[in-house]
Structures are given as C-alpha cells and as structure tokens.
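Let's take a walk through a protein model together. Keep the picture open and turn it around as you read.

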Amino acid sequence: MRYQPKARRRLSMTSLIDVIFLLLLFFMLSSTFSRFGEVKLELGGSGTVAPAQQLPMILLRISADGLALNGKPVELQDTPDALGQLRDGKPAHLVVSVAEDATAEGLVQILHQTRSVTDLKVSVVR
C-alpha cells in the first residue's frame with residue numbers, strides 16, 4: 001500500500017476576522033481619547049479706554065529663553081502665584097508679548113495658566 005498525502009484544506013478566515021474584530025473593539029473601548037482644550041480669546045477694542053476703566057498693566061514676555069514677568073524671569077508653573085502677588089488682589093491687565101522664537105504651545109500653556117487667575121484681562125501682542 002502506497003502512502004498518499006492528504007489533500008490540503010483551505011484555511012478558514014472566519015475565525016481570524018472574528019479575533020481581529022474583538023481585538024479592535026477591545027483597544028477602542030480601553031483607550032482614552034484626549035479632548036482638546038479650548039482657549040477663550042476675545043477681540044481687542046479700538047485701543048482707547050476711558051480713564052476710569054484703565055487697569056494696572058503687567059507685562060509677560062514669552063520667548064524661547066523662557067518667561068519674564070515685568071522683566072523678571074519666572075517659571076510656567078509659578079506664573080499664577082507671581083501674578084497674584086503683582087496684582088495684590090486688584091483687577092489688572094496682563095499683556096502677553098510673544099517673541100518671534102516663541103512656540104504656539106508656550107502661548108497656549110500661558111493662556112491656560114492665566115485662566116485660573118480672577119479679575120485679569122489678558123491681551124496678546126506680538
């Protein structure tokens with residue numbers, strides 16, 4: 001009796017597709033999708049303010065070298081506390097000056113940091 005090789009069966013793709021679908025479903029449900037934060041921006045006025053409405057100004061300079069608050073270096077995480085000390089509990093106008101070598105990420109981080117400070121009007125200039 002001579003040995004005859006078995007005929008090859010076709011591989012069923014059904015179970016493979018099921019496993020891939022389950023893996024896809026698992027990773028979709030177990031991963032977190034980050035939400036992009038919104039940065040509230042307001043349009044500037046005509047450039048004139050009545051004398052009774054003028055607020056003390058604080059200058060924050062953003063550059064590739066770091067941050068400077070009224071000319072003094074400050075760290076990003078210390079910005080709200082430093083603003084609170086400069087304002088002394090009174091309303092103020094923060095002018096954020098962005099250098100050409102500054103990044104958009106740096107500006108967004110500053111705007112998020114200053115959002116927690118109350119009674120602070122923020123303007124961004126270049």
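Start in the sheet, with two strands side by side: E1 and E4 run parallel, and six bridges join them. To find one of these links yourself, look for Ile58, whose bridge partner in E4 is Leu94. Now hop across to the other neighbour. E4 and E5 also run parallel, again with six bridges between them. Leu94 turns up here too, as its bridge partner in E5 is Val122. By the way, what you're looking at is a predicted model.

Let's zoom out for a second. The protein chain has three helices and five strands. If you trace the chain along its sequence, you'll meet them in the pattern α-β-β-β-α-β-α-β. The chain has 126 residues, and buried ones make up 22% of them. There's also plenty of long-distance company in the sequence sense: take the contacts between residues at least 6 apart, and 72% of them join residues at least 24 apart.

Back to E4. How many of its seven residues are buried? The count is seven of seven, so E4 is mostly covered, with buried meaning under 20% relative accessible area. Here's a handy rule for reading a strand: in a regular one, side chains alternate between the two faces of the sheet. Now check E4 residue by residue. Ala92, Leu94, Val96 and Val98 point one way, while His93, Val95 and Ser97 point the other way. Both sets are buried.

Next, follow the chain out of E4 and into helix H3. Together, E4, H3 and E5 make a right-handed β-α-β unit. H3 covers residues 104–115, which gives it 12 residues. From its first C-alpha to its last it reaches 17 Å, close to the 16 Å expected at 1.5 Å a residue.

Which residues of H3 are buried? They are Gly106, Leu107, Ile110, Leu111 and Thr114. These residues cover an arc of only 135 degrees around the axis, which means they sit on the same side of H3. On the other side of the helix, Ala104 and Glu105 are exposed. So what do the buried residues of H3 pack against? Their partners are strands E1 (57–63), E2 (66–69), E4 (92–98) and E5 (120–125), along with helix H2 (79–87).

Pick one of these residues for a closer look. Thr114 lies in helix H3, and it counts as buried because its relative accessibility is 5%, under the 20% cut-off. Leaving out residues up to four places away in sequence, Thr114 touches Leu83, Leu94, Leu120 and Val122. You've met two of those names before: Leu94 and Val122 are the bridge partners that link E4 to E5.

Now swing over to helix H2, where you'll find Ala82. Ala82 is buried, as its relative accessible area is 18%. Setting aside neighbours within four places in sequence, Ala82 is in contact with Leu69 and Val74. Leu69 is 13 residues away from Ala82 in sequence, and the two C-alphas are 8.1 Å apart in space.

Time for the loops, and a small backbone puzzle. Most residues other than glycine have a negative phi. Which way does Asn70 go, positive or negative? Its phi is positive, near 55 degrees, and Asn70 is not a glycine. You'll find Asn70 in the loop between E2 and strand E3 (72–74). With a relative accessible area of 40%, Asn70 is partly exposed.

Asp119 has a positive phi as well, of about 55 degrees, and it isn't a glycine either. Look for Asp119 in the loop between H3 and E5. Asp119 counts as exposed because its relative accessibility is 51%, and exposed means over 50%.

One last stop: the aromatic rings. A search of the whole structure finds one aromatic pair. The pair is formed by Phe26 and Phe27, with 5.2 Å from centre to centre. The planes of the two rings are 70 degrees apart, so the pair is edge-to-face, a label for angles over 60. Is Phe27 buried or exposed? Phe27 is exposed, since its relative accessible area is 51%.

Technical notes:
Residues are numbered from 1 along each chain as its sequence is written. This is a predicted model: local features need pLDDT of at least 70, side-chain atom pairs count only at pLDDT 80 or more; totals for chains, interfaces and linings use all residues. Side-chain values use heavy atoms; hydrogens and water are left out. Helices (H or I, at least four residues) and strands (E, at least two) are DSSP runs, numbered from the N terminus. The expected span of a helix is 1.5 Å times one less than its number of residues. Buried means under 20% relative accessible area, exposed over 50%, partly exposed in between (1.4 Å probe, protein chains only). The arc is that of the directions from the helix axis to the C-beta atoms. Contact means heavy atoms within 4.5 Å. Rings of Phe, Tyr and Trp (its six-membered ring) pair if their centres lie within 6.5 Å; planes under 30 degrees apart count as stacked, over 60 as edge-to-face and the rest as tilted. Two strands pair if DSSP finds at least two bridges between them. A crossover is right-handed if, with the strands pointing away from the viewer, the path from the first strand over the helix to the second runs clockwise.
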